[in-house]
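Trainee: I am new to this structure and would like a close look at a single part of it. Could you pick a loop with something unusual in its backbone and walk me through it, then show me how it sits beside other parts?

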Amino acid sequence: MPVVVVESPAKAKTINKYLGSDYTVLASYGHVRDLPPKDGSVDPEQDFDMKWEVATASQKHLRAIADALKDDNSLILATDPDREGEAISWHLEEALRKRRAINKDTPVERVVFNAITKSAVTEAMQNPRQIDTALVEAYLARRALDYLVGFTLSPVLWRKLPGAKSAGRVQSVCLRLIVEREMEIEAFRAREYWSVKADLTTPRGQEFEARLTVLGGRKLDKFDLASAEAAEIAVSAVSSRNLKVLSVEAKPATRNPSAPFMTSTLQQEASRKFGMGARQAMSTAQRLYEAGHITYMRTDGIDMAPEAVAAARDEITTRYGAEYVPASPRIYKNKAKNAQEAHECIRPTDMAKDPAKLARLEPDQRKLYDLIWKRTLASQMESARLERTSVDIGSSDAQVILRANGQMVLFDGFLKVYEEGRDDVVDDDDKRLPQLSEAEAIAKRAVTPEQHFTQPPPRYTEATLVKRMEELGIGRPSTYASIVTTIQDRDYIRKESGRLHPEDKGRLVTAFLESYFNKYVGYDFTASLEEELDDISGGREDYKKVLHRFWRDFSAAIAETAELRITDVLEKINEYLEPHLFPATGDGTDPRICKTCGNGRLSLRTARSGGAFIGCSNYPECRYTRPLAGETEAGDIAGPDGKLLGYDDSGEPVTLRSGRFGAYVQLGELTEENPKPKRASIPKGTDLGTVELARALELLSLPRLIGTHPEGGTVEANFGRFGPYVLHLSVGEDGKEKKTYANLKDPNDVLTIGMNHAVELLAQKAARGGRGVAAKPLHELGEHPTEGGAVNVMPGRYGPYVKWEKVNATLPKEVEPEAVTMEMAVELITAKAGTKAKGKAKKPAARKAAAKKPAAKKAAAKKPAAKKKPT
């Protein structure tokens with residue numbers, strides 16, 4: 001009975017269903033080996049020897065596979081059909097050989113399938129092959145490159161740019177895209193222009209809009225109406241003339257469906273239509289794939305298997321009619337360079353299954369499946385046929401001409417099922433125009449000028465960023481999601497209203513890399529390296545040669561930064577980010593002259609907390625500071641002295657500061673006499689610009705005593721790890737201190753809540769069985785008849801349930817708590833706990849005490865401290 005290994009238990013469960021009892025199907029739970037996060041895991045001096053290590057969490061999974069092979073000495077590796085899947089299979093074979101779980105004569109086969117269906121799995125089992133060495137070498141090259149960049153460049157960042165976390169071969173290039181877009185937006189200067197719109201009416205009373213295109217017999221360009229005065233002159237010219245239809249031009253047009261999804265287009269469309277991030281989209285698609293609903297979701301391919309095309313065409317005919325099926329199937333060409341990686345598009349495994357037939361899908365899975373199903377059917381449907389109409393309306397002397405555009409759908413075709421979303425596009429030509437004839441008189445209802453300003457390029461969304469990365473050839477389908485997620489996790493960027501904004505930390509890292517490692521964050525270089533990796537996977541390039549070429553130049557660039565001083569680095573960044581850090585002043589003075597002392601020079605400074613700020617070169621004599629983004633009154637919270645808010649009654653300074661866990665206020669200075677000045681955290685979500693002295697003193701006075709509880713004990717309000725709360729401190733019957741907490745919804749309530757409201761909240765918490773208060777049973781049934789222990793019906797968040805020991809069994813909805821009998825409760829408990837509940841009475845035999853080992857005669861030599869891991 002052969003052992004089949006796949007990545008995940010969900011995939012194993014589905015495949016086991018198809019293979020039956022003739023196979024043992026186990027999961028590796030992803031990669032079983034990785035490079036240890038320390039120096040020397042890739043050794044350029046030893047021909048890029050790579051030292052692999054089995055992860056602690058993977059040991060038990062590897063052991064389970066090894067144990068299964070003792071009885072079934074035949075191994076089938078059925079991991080995913082891409083580089084990563086090939087690498088997992090290679091790692092498994094290598095690790096199992098090292099454990100001697102498989103021998104030289106053990107048959108080891110590799111099978112791949114693009115969909116987890118019975119037919120696909122059965123066919124794959126009938127056509128096994130060996131592990132693809134070229135794909136594995138492409139993986140090894142990528143992994144070595146990522147390691148060498150991360151573990152060589154990140155320490156340079158830590159030393160030269162305090163507060164920076166890490167750099168990566170592709171993540172740093174992706175970050176550069178976002179930072180450069182922000183710099184474009186900041187450098188953008190809006191330009192005013194005007195247009196003229198007319199609301200018109202046909203002789204039959206039908207209304208439509210038109211825009212002025214010709215004035216004074218000359219065609220208008222975008223900026224010809226540059227002011228309100230020019231626009232008013234144009235309005236007068238239109239208003240003073242009688243208008244008629246000069247020409248009507250109707251042209252037939254067609255719209256073709258989009259190709260079926262590949263990884264990047266699925267991520268883009270999921271972002272546009274559902275706001276899904278790249279990681280969420282891929283995680284959801286992975287679950288659909290493992291359940292057998294869709295084909296493999298990491299692919300550059302857009303072609304579809306002939307049998308899938310035939311099934312789609314049949315389904316279209318059945319659902320919508322023969323007129324929606326084109327005469328011949330639509331053919332889409334792959335973009336992937338290598339046949340090994342040119343997988344099929346992402347499509348449903350069964351075209352007849354619409355989302356309504358998959359009842360057990362989670363909401364996000366249902367939405368994504370619906371998207372994939374509709375896009376796949378639409379890709380094989382007839383084109384939409386349209387009629388696009390342009391109507392010119394003007395004066396008899398042709399001095400004034402307005403144009404109205406519209407279109408009409410003559411046959412909806414694929415639009416009946418699906419229409420692709422669009423990024424940052426506004427199209428006014430989709431309106432339908434009324435019937436118009438040449439020479440027909442047109443009445444004016446209103447003629448209005450409209451002011452416009454040119455817009456800066458939009459910030460990237462995850463969808464448009466993935467699209468841009470794809471256009472530049474940066475990254476691959478399996479890496480898009482992780483790249484975007486990584487730079488968010490590093491706090492290099494943030495996501496606001498779906499748009500990606502660079503943080504100051506991300507700007508600094510990009511400025512440093514652009515200044516000293518320009519080649520390695522270059523778009524062309526990164527894309528050419530991806531092409532070399534493609535050549536390795538296609539067997540056209542030797543991976544060791546690629547690594548040698550890269551390392552020769554990269555190690556030299558690293559060596560050149562060895563003598564760099566932090567002050568030199570900061571000055572270089574000053575120059576790179578000058579438009580952002582030191583915007584031009586209105587009066588023409590030097591923006592880098594300190595406003596406080598008048599002769600110091602402003603420059604970038606780094607804070608001990610890891611942040612950065614602008615400070616004066618005359619520090620500590622001049623203590624002027626401000627944030628990178630611009631001026632704030634009385635300094636910047638990231639500066640060494642924080643932002644001064646004022647002084648308390650005893651003359652102690654009160655400052656607003658930034659720390660590891662967020663913003664806080666501090667009373668007094670840190671000195672030898674005062675090693676722990678009083679501090680209070682600022683509630684999350686607070687606009688730091690609104691924090692004034694009075695607010696700070698209120699926060700520093702916390703916890704706030706509200707008063708004495710009617711039942712004894714004190715009640716106070718404060719902020720904690722989980723937000724604002726009220727606390728009742730009392731003494732229990734056992735004489736021990738008892739604490740009852742109740743959360744507050746509004747942070748401001750901490751400073752204003754009265755005793756009546758606090759007691760009410762605490763009572764509500766007690767009634768719900770909150771923290772510090774035991775919930776009361778709804779129905780006490782007594783002792784378990786065979787196992788002992790109380791059996792009760794308890795109130796729960798999702799309805800009443802039967803509780804016995806550690807077993808909680810939900811009560812059927814139709815059963816009232818009072819109607820539950822002991823017999824019924826025991827049945828529910830047994831069903832929930834299974835053999836665990838039945839065997840509870842039998843305690844496992846006590847283990848024999850392990851023999852004591854003799855004490856070590858000498859203390860072990862102290863291990864050197866582990867080097868810092870790039871995160």
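Mentor: Happy to! Let's start at R100, which sits in the loop between helix 3 (83–98) and strand 8 (108–110). Keep in mind as we go that this is a predicted model. The backbone of R100 has a phi near 60°, a positive value in a residue that is not glycine. That is worth a pause, because most residues other than glycine have a negative phi. How covered is this residue, buried or exposed? R100 counts as exposed because its relative accessibility is 72%, and the cut-off for exposed is over 50%.

A second residue makes a good companion to R100. A398 is not a glycine either, yet its phi is positive, at about 60°. You will find A398 in the loop between strand 13 (384–394) and strand 14 (400–411). With a relative accessibility of 34%, A398 counts as partly exposed, a class that runs between the buried limit of 20% and the exposed limit of 50%.

While we are on loops and backbones, have a look at two peptide bonds. Most peptide bonds are trans. The bond from Y619 to P620, however, is cis, with omega near 10°. P620 belongs to the loop between strand 19 (612–616) and strand 20 (625–626). Another cis bond joins L702 and P703, and there omega is about 0°. P703 is placed in the loop between helix 19 (693–700) and strand 25 (704–708).

Now for a helix, to set beside those loops. Helix 8 covers residues 263–274, and its 12 residues should span 16 Å at 1.5 Å a residue. The C-alpha atoms at its ends are 16 Å apart, so the expected span and the model agree. Helix 8 is mostly covered, with 9 of its 12 residues buried. Among those buried residues are T263, L266, Q268, E269 and A270.

Let's finish at the surface. K13 is part of helix 1 (residues 9–19), and it counts as exposed because its relative accessibility is 67%. Which residues join K13 in a positive surface patch? They are K17, K353 and R360.

So, back to your request: the loop residue to remember is R100, with its positive phi near 60° and its exposed position at 72% relative accessibility.

Notes
Residues are numbered from 1 along each chain as its sequence is written. This is a predicted model: local features need pLDDT of at least 70, side-chain atom pairs count only at pLDDT 80 or more; totals for chains, interfaces and linings use all residues. Side-chain values use heavy atoms; hydrogens and water are left out. Patches are made of residues with over 30% relative accessible area and no salt bridge: like charges are joined within 9 Å, nonpolar side chains (Val, Leu, Ile, Met, Phe, Trp, Tyr) within 5 Å. Accessible areas come from the Shrake-Rupley method with a 1.4 Å probe; for residues, only the protein chains shown count as cover. A salt bridge is a side-chain nitrogen of Lys or Arg within 4 Å of a carboxyl oxygen of Asp or Glu. Lys and Arg count as positive and Asp and Glu as negative; His and the chain ends are not counted. The place of a charge is taken as NZ of Lys, CZ of Arg, CG of Asp or CD of Glu. Helices (H or I, at least four residues) and strands (E, at least two) are DSSP runs, numbered from the N terminus. Buried means under 20% relative accessible area, exposed over 50%, partly exposed in between (1.4 Å probe, protein chains only). The expected span of a helix is 1.5 Å times one less than its number of residues.
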